[in-house]
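Got the viewer open? Keep the selection box handy and follow along, stop by stop.

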Amino acid sequence: LKEDLISLPDYEWYSVYKKLYFSMRTWKKIIDSAFNYGDVWIDIFDLYGVRVVKDNLKKIHGLKLQASILENYEVYDALNLLDLKTKKLIINVSGFDINLISNILVRFGYLTKDLILQIGFQSYPTKIKDTGLQKISVLKSTYPNLSICIADHVDGEDPFALIAPLYANLLGCDYIEKHF
């Protein structure tokens, strides 16, 4: 992520984003190293992230798009210029209704045929009632040919942190993104 592409200088997190910035050279080193250990996934937040993907495309297994980026047409258009047909694409649809999810799937289906729907409250720590577990069966029945992923942000000190991924799997999740 590039601080000036996702926020304005007066935004409270701008300085944090600036500290989190990695140069393209650093990204290449990170991706090269990670590639030696397994699949490389990139979470896209802005056009800089798309450039990282473009420059390292052969070593990237999949991309993740947060709900907040799904209607960023500048990022979508840049992704559309890349050959992503063989890449997996996780699309976080938390907070969207079924009709909007269907529209999103049509649009992103042009990028790749390997779409994965993700749910999960993007806040830490997530309360049990906000995990989104109840959405899994709805998504599975509405989109039976798609894989489902849950982003689990339950507090690691909470005993439910060990159980939530099991419930998600039993309810039909194919992927678990576990945060600590």
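For this tour, two residues are in contact when they have heavy atoms within 4.5 Å of each other. One caveat before we click: this is a predicted model.

**Stop 1: Asn 56.** Start by selecting Asn 56, in the loop between α4 and β2 (62-65). Is Asn 56 buried or exposed? Its relative accessibility is 8%, and buried means under 20%, so Asn 56 counts as buried. Setting aside neighbours within four places in sequence, Asn 56 has contacts with Lys 28 and Ile 31. Show both as sticks and keep Ile 31 on screen for the next stop.

**Stop 2: Ile 42.** Now pick Ile 42, which sits in strand β1. Ile 42 has a relative accessible area of 6%, so it is buried. Ile 31 turns up again here: beyond four places in sequence, Ile 42 touches Trp 27, Ile 31, Val 53, Ile 60, Gly 62, Leu 63 and Lys 64. If you want a distance label, draw one from Ile 42 to Asp 4; these two are 38 residues apart along the chain, with 19 Å between their C-alpha atoms.

**Stop 3: Leu 63 and the core.** From Ile 42, hop to its partner Leu 63. Which residues have the most contacts inside the largest nonpolar core? They are Leu 63, Leu 79, Phe 108 and Leu 117, in a core of 45 residues. Expand the selection around Leu 63 and, leaving out residues up to four places away in sequence, you'll find Trp 41, Ile 42, Ile 44, Val 53, Leu 79, Leu 84, Lys 88, Leu 89 and Ile 90 touching it. Leu 79, another of those best-connected core residues, is among these partners of Leu 63.

**Stop 4: Phe 45.** Select Phe 45, in the loop between β1 (41-44) and α4 (47-55). With a relative accessibility of 35%, Phe 45 counts as partly exposed. Not counting residues up to four places away in sequence, Phe 45 touches Leu 1, Ile 6, Gln 66 and Ile 69. For a long ruler across the model, try Phe 45 to Lys 129: the C-alpha atoms are 27 Å apart, and the sequence separation is 84 residues. Hold on to Gln 66, because the next stop needs it.

**Stop 5: the largest pocket.** Switch on a surface. Which residues lie nearest the centre of the largest pocket? Gln 66, Gln 122, Ser 123, His 153 and His 179 do, out of a lining of 14 residues. The pocket's volume is about 340 Å³. Colour the lining by class and you get four nonpolar, seven polar and three charged residues.

**Stop 6: the cavity.** How many cavities of 30 Å³ or more does a search of the whole structure find? The search finds one, with a volume of about 40 Å³. To see its walls, select Gly 120, Phe 121, Thr 126, Asp 130, Thr 131, Ile 150, Ala 151, Asp 152, His 153, Val 154 and Ala 164. His 153 is in this list and also lies by the pocket centre. By class, the cavity lining splits into five nonpolar, four polar and two charged residues. Strand β5 supplies the largest share, three residues.

**Stop 7: Thr 131.** Zoom in on one of those cavity-lining residues, Thr 131, in the loop between β4 and α7. Thr 131 is buried, at 6% relative accessible area. Beyond four places in sequence, Thr 131 is in contact with Ile 119, Gly 120, Phe 121, Thr 126, Ile 150, Val 154 and Phe 160. Ala 151 is 20 residues from Thr 131 in sequence and 8.3 Å away, C-alpha to C-alpha.

**Stop 8: helix α7.** Select residues 133-142, which make up α7, and highlight the buried Leu 133, Ile 136 and Leu 139. Look down the helix axis: the buried residues of α7 fall within an arc of 95°, so they line one face of the helix. Gln 134 and Ser 141, on the other side of α7, are exposed. The cover over the buried residues includes α6 (98-109), β4 (114-119), β5 (147-152) and α8 (160-171).

**Last stop: Ile 98.** Finish in helix α6 with Ile 98, which is partly exposed at 29% relative accessible area. Apart from neighbours within four places in sequence, its contacts are Val 138, Leu 139, Thr 142 and Tyr 143. Ile 98 and Leu 139 are 8.3 Å apart, C-alpha to C-alpha, and 41 residues apart in sequence.

Technical notes:
Residues are numbered from 1 along each chain as its sequence is written. This is a predicted model: local features need pLDDT of at least 70, side-chain atom pairs count only at pLDDT 80 or more; totals for chains, interfaces and linings use all residues. Side-chain values use heavy atoms; hydrogens and water are left out. On a 1 Å grid over the protein atoms alone, a cavity is a set of points where a 1.4 Å probe fits but cannot get out, and a pocket is an open set with protein on both sides within 12 Å along at least five of seven lines; lining residues have an atom within 4 Å of a point. Grid points are joined across faces, edges and corners, and a volume is the space filled by probe spheres set on the points. Ala, Val, Leu, Ile, Met, Phe, Trp, Tyr, Cys and Pro count as nonpolar, Asp, Glu, Lys and Arg as charged, and the others, Gly among them, as polar. Helices (H or I, at least four residues) and strands (E, at least two) are DSSP runs, numbered from the N terminus. Buried means under 20% relative accessible area, exposed over 50%, partly exposed in between (1.4 Å probe, protein chains only). A nonpolar core is a set of buried Ala, Val, Leu, Ile, Met, Phe, Trp, Tyr and Cys residues joined through side-chain atoms within 4.5 Å. The arc is that of the directions from the helix axis to the C-beta atoms.
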